[in-house]
Amino acid sequence: KIMQRLEELEREQNEPLYKHPLYSKITIPIPINIGVFNCGNWPSSVPDQCILEGRYGVPPETSLADAKKKLERVVTEIDDDWLRAHPPTVEWKGAQWPGGKVDEDSPIVDMLSEAFKDVTGDEATVQAAPWATDGGMLTKHGTPAVVFGPGTTAEAHPGNESGQPQRGHSVRAHHRQAAGALVRCVRRHRVPAAHAVAVYSHCVMRNGAALVQIVIC
């Protein structure tokens, strides 16, 4: 029942974003993922406890506090007699990242797009991201942050993480274009240097996320 309700919540959160142009190439804009399912400690015994651990995706313009309250309410209000007699607990563990958004026509986005075209000859793709970054924290506190750089998220965080050059352009060239964009952004638009340095990589809208543990006894 809990897994079913989490799947329903994921669909509810994603419904408004399926037609959003920045999420057009993303299958699940705001994923909810249960990555650990820990239940029982002996093959022939009925488990007396079940622990679900996962990553709870948060819409870009929703605060972490509101999102966490919503998940807690969803889990504890499931219509099930057994769960009412044995109410699950929701605990927040580990990392938490607020979402963030930067206007598509902001100077920092324009400069990065120009720099990308200067180096590659291609138009930059401006889109949202289904994952969270530290950029959300910077944006929350007044420093616009854009995710920009080589590679794909499919190659992110495994043991062999790497950024593959495309069409003969090296990773160093991507670093060069980002640095050049920062300098031009500061000079032409008088953007505070602290804001310009906040550019990480290539997406103007990012989800928030929080690591959650649901315990059923």
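# How the strands, helices and rings are named

Me: How do you know that β1 and β2 count as paired strands in this predicted model?
Reply: Seven bridges join β1 to β2, and the two strands run antiparallel. Two strands pair if at least two bridges are found between them, so with seven bridges β1 and β2 count as a pair. Within this part of the fold, Phe37 stands opposite Leu52 in β2.

Me: What makes β1 and β3 the edge strands of the open sheet?
Reply: Four strands form the open sheet in the order β1-β2-β7-β3, with antiparallel pairing. The strands β1 and β3 (89-97) each pair on one side only, and they are the edge strands. Neighbouring strands of this sheet are turned by 20° against each other on average, with direction ignored.

Me: Which helices lie across the strands, and at what angles do they run?
Reply: Helix α1, residues 2-14, lies across β1, β2 and β7 (208-216), and runs at about 170° to β1. Helix α2, residues 64-76, lies across β2, β3 and β7, and runs at about 155° to β3.

Me: Why is the aromatic pair of Tyr56 and Trp92 called tilted?
Reply: The count comes to one aromatic pair. In this pair, Tyr56 and Trp92 lie 6.0 Å apart, centre to centre, with 40° between the planes. Rings pair if their centres lie within 6.5 Å, so the distance of 6.0 Å qualifies. Planes under 30 degrees apart would count as stacked and planes over 60 as edge-to-face, and therefore an angle of 40° makes the pair tilted. The pair links distant parts of the chain, with Tyr56 in strand β2 and Trp92 in strand β3, 36 residues apart.

Me: What makes up the lining of the second largest pocket, and how much space lies in this pocket?
Reply: About 190 Å³ of space lies in the second largest pocket. Among the 14 residues that line the pocket, the closest to its centre are Ile2, Cys50, Trp82, Leu83 and Ile216. The lining divides into 10 nonpolar residues, one polar and three charged. At least two lining residues come from each of β1 (32-39), β2 (50-58) and α3 (81-85).

Note on methods. Residues are numbered from 1 along each chain as its sequence is written. This is a predicted model: local features need pLDDT of at least 70, side-chain atom pairs count only at pLDDT 80 or more; totals for chains, interfaces and linings use all residues. Side-chain values use heavy atoms; hydrogens and water are left out. On a 1 Å grid over the protein atoms alone, a cavity is a set of points where a 1.4 Å probe fits but cannot get out, and a pocket is an open set with protein on both sides within 12 Å along at least five of seven lines; lining residues have an atom within 4 Å of a point. Grid points are joined across faces, edges and corners, and a volume is the space filled by probe spheres set on the points. Ala, Val, Leu, Ile, Met, Phe, Trp, Tyr, Cys and Pro count as nonpolar, Asp, Glu, Lys and Arg as charged, and the others, Gly among them, as polar. Axes are lines fitted to C-alpha atoms, for helices over the stretch in contact, and angles run from 0 to 180 degrees between N-to-C directions. Contact means heavy atoms within 4.5 Å.
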